[in-house]
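Grab a coffee and work through these short exercises with the model open beside you. Try each one before reading its solution.

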Amino acid sequence: TDYRKETRASKRDDAFPQRLPKSLEESILCFVLAIAVRDSRKSSQIASSLYEPHNTMLVHISRFTTWQNKTRDLVDLFVNDVKLRLQNDNPKEVGSIYLELEDVWNRHFQNLVSNVRTYLPEGYVDEFMAPIAFEVIRKYLPTSVDGIDVYAINSTTDQKLEYSDQQPRKIVAVGGNRLSRGFTVRGLTINYFTRSTNYSDTLLQMGRWFGYRPGY
């Protein structure tokens, strides 16, 4: 199912696909990998005032709350499945989640992370932005997926993006208009955006979080 096609024509109570599109599943795996990379840098960064303890992913698929809530449920099921597979799969066995994550790493992370300092702007210094290989972060994967909360941020739920420095959070936030403005997103690494909009300010708001931050 292509969310980009379905959400353009979607009504509030349209029939909803029974599983996530591959692109969203892959984006969630990217989120798990990003958490693992940041966890691998924690020991060198935690004493710094620049340390950010939280990890957040944003998912924008429709302005309709029914779609957001159903997506939240499907994302939660997928995250739990990844968690169980990381606990039980043999890392070298065909079909293992570890090999699936390594494939995602090779396609989206390997070149960038290996050469990360060459991508930084001239004069930008980040002592924590160190190259790293998949073999190093593999051991962090089972704990990186542990404790991920999946929220639907809209008028029909009581779920909110709340952060405390005493309790680091890992959050996948699914929403629409409420994700556009008016609240703080901490530790953002992945933004999945397929919803349509007629307003340029919505697109600009979706991109306002992106840029270089210390350590990620």
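**Exercise 1. Work out how much of the protein chain counts as buried.**

Solution. Keep in mind that this is a predicted model. Start with the length: the chain has 216 residues. Now apply the cut-off, where buried means under 20% relative accessible area. With that, 47% of the residues count as buried. As for the outside, the accessible surface comes to about 11,600 Å², and carbon and sulfur atoms account for 48% of that area.

**Exercise 2. List the helices and strands in chain order.**

Solution. Count first: you should get 10 helices and 4 strands. Then walk from the N terminus, and the elements read α-α-α-β-α-α-α-α-α-α-β-β-β-α.

**Exercise 3. Find the strand order in the sheet and pick out its edges.**

Solution. Lay the 4 strands side by side: the order is β2-β3-β1-β4, the pairing is parallel, and the sheet is open. Next, look for strands that pair on one side only; these edge strands are β2 (148–153) and β4 (188–193). Going from one strand to the next, the twist averages 15°.

Now zoom in on one pair. Strand β1 (residues 55–60) joins β4 through 5 bridges in the parallel sense. To get your bearings there, find T56, which sits opposite L188 in β4.

**Exercise 4. Which strands does helix α4 lie across, and at what angle does it run to β2?**

Solution. Locate α4 at residues 65–88. Trace what it lies across: β1, β2 and β3 (170–175). Finally, compare directions with β2, and the angle is about 175°.

Conventions
Residues are numbered from 1 along each chain as its sequence is written. This is a predicted model: local features need pLDDT of at least 70, side-chain atom pairs count only at pLDDT 80 or more; totals for chains, interfaces and linings use all residues. Side-chain values use heavy atoms; hydrogens and water are left out. Helices (H or I, at least four residues) and strands (E, at least two) are DSSP runs, numbered from the N terminus. Buried means under 20% relative accessible area, exposed over 50%, partly exposed in between (1.4 Å probe, protein chains only). Accessible areas come from the Shrake-Rupley method with a 1.4 Å probe; for residues, only the protein chains shown count as cover. Two strands pair if DSSP finds at least two bridges between them. Axes are lines fitted to C-alpha atoms, for helices over the stretch in contact, and angles run from 0 to 180 degrees between N-to-C directions. Contact means heavy atoms within 4.5 Å.
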